[in-house]
Amino acid sequence: MSKPPVIFSIGWNACINCGACVAICPQEAGFISPFDTIAVDRPCDIACLLCEQICPVDTIDHVVAPPPETALT
Ligand code: SF4
Ligand code: SF4
């Protein structure tokens, strides 16, 4: 059974822009936010959660992404 896609939130005040979340992420290079972290506006369908585990300030959180047909546009 595959994991459900997740959407991340990042505490921008806590983020120190270390780049660790992007460096460890196996998503494609474009999976990145304007603030040089992992993307927060696109569901992640890999959901390995390595980004959360590696963040040195523990400021990445996630929720399960809503199914596409119910997603708000
Ligand atoms: S869960 Fe894994 S694949 Fe998804 S954004 Fe985090 S590190 Fe990247
Ligand atoms: S790992 Fe954490 S502190 Fe580092 S850039 Fe990503 S969100 Fe920011």
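## Exercises on a two-ligand chain

Residues 24 or more positions apart account for 64% of the contacts in the chain with a separation of 6 or more; two residues are in contact if their C-beta atoms, placed from the backbone, lie within 7 Å. This is a predicted model, in which local features need pLDDT of at least 70 and side-chain atom pairs count only at pLDDT 80 or more, while totals for chains, interfaces and linings use all residues. Residues are numbered from 1 along each chain as its sequence is written, and chains are lettered from A and ligands numbered from 1 in the order in which they are written.

### Exercise 1: the fold

Task: Give the order of the elements, then assess how compact the chain is.

Solution.
- Step 1. Set the rule: helices (H or I, at least four residues) and strands (E, at least two) are DSSP runs, numbered from the N terminus.
- Step 2. Count: the chain has two helices and two strands.
- Step 3. Order them from the N terminus: β-α-α-β.
- Step 4. Compare radii. The radius of gyration, taken over C-alpha atoms, is 12 Å, close to the 11 Å that the globule rule gives for 73 residues, so the chain is as compact as a globular protein of that length. The globule rule is 2.2 Å times the number of residues to the power 0.38.
- Step 5. Add the extents: the C-alpha trace spans about 35 × 25 × 20 Å along its principal axes.

### Exercise 2: the core

Task: Find the residues of the largest nonpolar core and follow the contacts of I38 and C25.

Solution.
- Step 1. Define burial. A residue is buried if 20 or more other C-beta atoms lie within 10 Å of its own, exposed if 12 or fewer, and partly exposed in between, with C-beta atoms placed from the backbone.
- Step 2. Apply it: 14% of the 73 residues count as buried.
- Step 3. Define the core: a set of buried Ala, Val, Leu, Ile, Met, Phe, Trp, Tyr and Cys residues joined through C-beta atoms within 7 Å.
- Step 4. List the largest one. Its nine residues are F8, I10, C21, C25, I38, C44, C51, C55 and I60. In soluble globular proteins, nonpolar side chains tend to be buried together.
- Step 5. Take I38. Beyond its neighbours within four places in sequence, I38 touches F8, C21, V22, C25, F31, I32, S33 and C51.
- Step 6. Take C25, in the loop between α1 and α2. C25 counts as buried because it has 20 C-beta neighbours inside 10 Å. Leaving aside neighbours within four places, its contacts are F31, I38, L50 and C51.

### Exercise 3: the ligand shells

Task: Describe the surroundings of ligand 1 and ligand 2 by residue and class.

Solution.
- Step 1. Fix the cut-off: a residue is near a molecule if its C-beta atom, placed from the backbone, lies within 6 Å of it.
- Step 2. Fix the classes. Ala, Val, Leu, Ile, Met, Phe, Trp, Tyr, Cys and Pro count as nonpolar, Asp, Glu, Lys and Arg as charged, and the others, Gly among them, as polar.
- Step 3. Ligand 1 is surrounded by I24, C25, P26, Q27, I38, C44, I46, A47, C48, L49, L50 and C51. This shell holds eleven nonpolar, one polar and no charged residues.
- Step 4. Ligand 2 has 14 residues around it; the closest are C15, C18, A20, C21 and C55. Here the split is ten nonpolar, four polar and no charged.

### Exercise 4: single residues

Task: Which exposure class do N17, A47, E28 and P5 fall into?

Solution.
- Step 1. N17 sits in the loop between β1 (6–10) and α1. N17 is exposed because 10 C-beta neighbours lie inside 10 Å. Its phi is near 50°, a positive value in a residue other than glycine.
- Step 2. A47 lies in the loop between α1 and α2. It has 16 C-beta neighbours inside 10 Å, so A47 is partly exposed. A47 is not a glycine, yet its phi is positive, about 55°.
- Step 3. E28 belongs to the loop between α1 (20–24) and α2 (50–54). E28 has 7 C-beta neighbours inside 10 Å, so it is exposed.
- Step 4. P5 is in the segment before β1. Its 17 C-beta neighbours inside 10 Å make P5 partly exposed. Leaving aside neighbours within four places in sequence, P5 contacts P43, C44, D45, A47 and A65.
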